[in-house]
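Student: I'm new to this one. Can we go through it together, with me asking how you know each thing?

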Amino acid sequence: MKSVKNGRDGRTRIIEGALRRFSQDGVSATTLASLREESGVSVGSFYHHFASKEHVFGVLYAEILTAYQDAFLAELIKHQDARAGIEAVVAFHMRWAGEHPERARLLISERPPRKNEPGGAEVAEARRGFFREVADWWRPHMKNGLLQPVHATMCYVLWLGPTQEMCRLWFAGAHTPTDEEIRGLGEAAWQSLRQRTE
């Protein structure tokens, strides 16, 4: 049944409120009381949908990660050229962070739920599928001598590590990236990941 408040059900209101609180205050500093106040739900309504604050975070993190990964893959598979794909994903990441700052801040600043924590199994499964699809795109370019054979973790660090750091500065209000800087991040990612023939 829908709540009268803005026509949204209690679960949706809790998730939306949690996104605001977690992104502003961090998960550890957010209390159950502040989550209920932000979402405007009763204690009974909260526990009808979620068992704990950690449960809310796990569900929210998994939903955000899946949406990000789907958009990442949609951008990546548009590009058959190795360099174009690497650089396009860097630009996509910055664009997505700018369009979804609260969601991006949560992915950047919070530790993902572990497998035994709420949402952890979903996050682990989403990552497996995501890395499998990235590897499917990567493999032909590696065989053609364009991209390095790198482990998934190292690939992520080389591809998006500097971009993540730029996002942290951006969200902290320390620096707003320019288009030229974003292009520079894409170029740096390509130089880090391409195979060198010399």
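Student: How many salt bridges does a search of the whole structure find?

Tutor: The search finds 12 salt bridges. Keep in mind that this is a predicted model.

Student: What makes R95 and E75 a salt bridge?

Tutor: The closest N and O atoms of R95 and E75 are 3.4 Å apart. The cut-off is within 4 Å, so the pair counts. R95 sits in helix α5 and E75 in helix α4, 20 residues apart.

Student: Why is E75 called buried?

Tutor: E75 has a relative accessible area of 11%. Buried means under 20%, so E75 gets that label. R95 has 40%, and values between 20% and 50% are called partly exposed, so that is the word for R95.

Student: What makes R83 and E187 a salt bridge?

Tutor: Their N to O distance is 2.3 Å, and the limit is 4 Å, so they qualify. This pair links helix α5 with helix α9, 104 residues apart.

Student: How do you know that E125 and R128 are separated by about one helical turn?

Tutor: Both are in helix α7, and they are 3 residues apart, which means about one turn. Their side chains meet in a salt bridge at 2.7 Å, N to O.

Student: Which residues of helix α2 are buried, and how do you know that they are on the same side?

Tutor: The buried ones are S34, L35 and S39. They cover an arc of only 125 degrees around the axis, so they lie on the same side of α2. These residues pack against α1, α3 and α4.

Note on methods: Residues numbered from 1 in each chain as written. Predicted model: local features only at pLDDT ≥ 70, side-chain atom pairs only at ≥ 80, totals over all residues. Heavy atoms only, no water. Buried < 20%, exposed > 50% of the residue type's maximum accessible area, 1.4 Å probe, protein only. Helix = DSSP H or I, 4+ residues; strand = E, 2+ residues; numbered from the N terminus. Arc of directions from axis to C-beta. Contact = heavy atoms within 4.5 Å.
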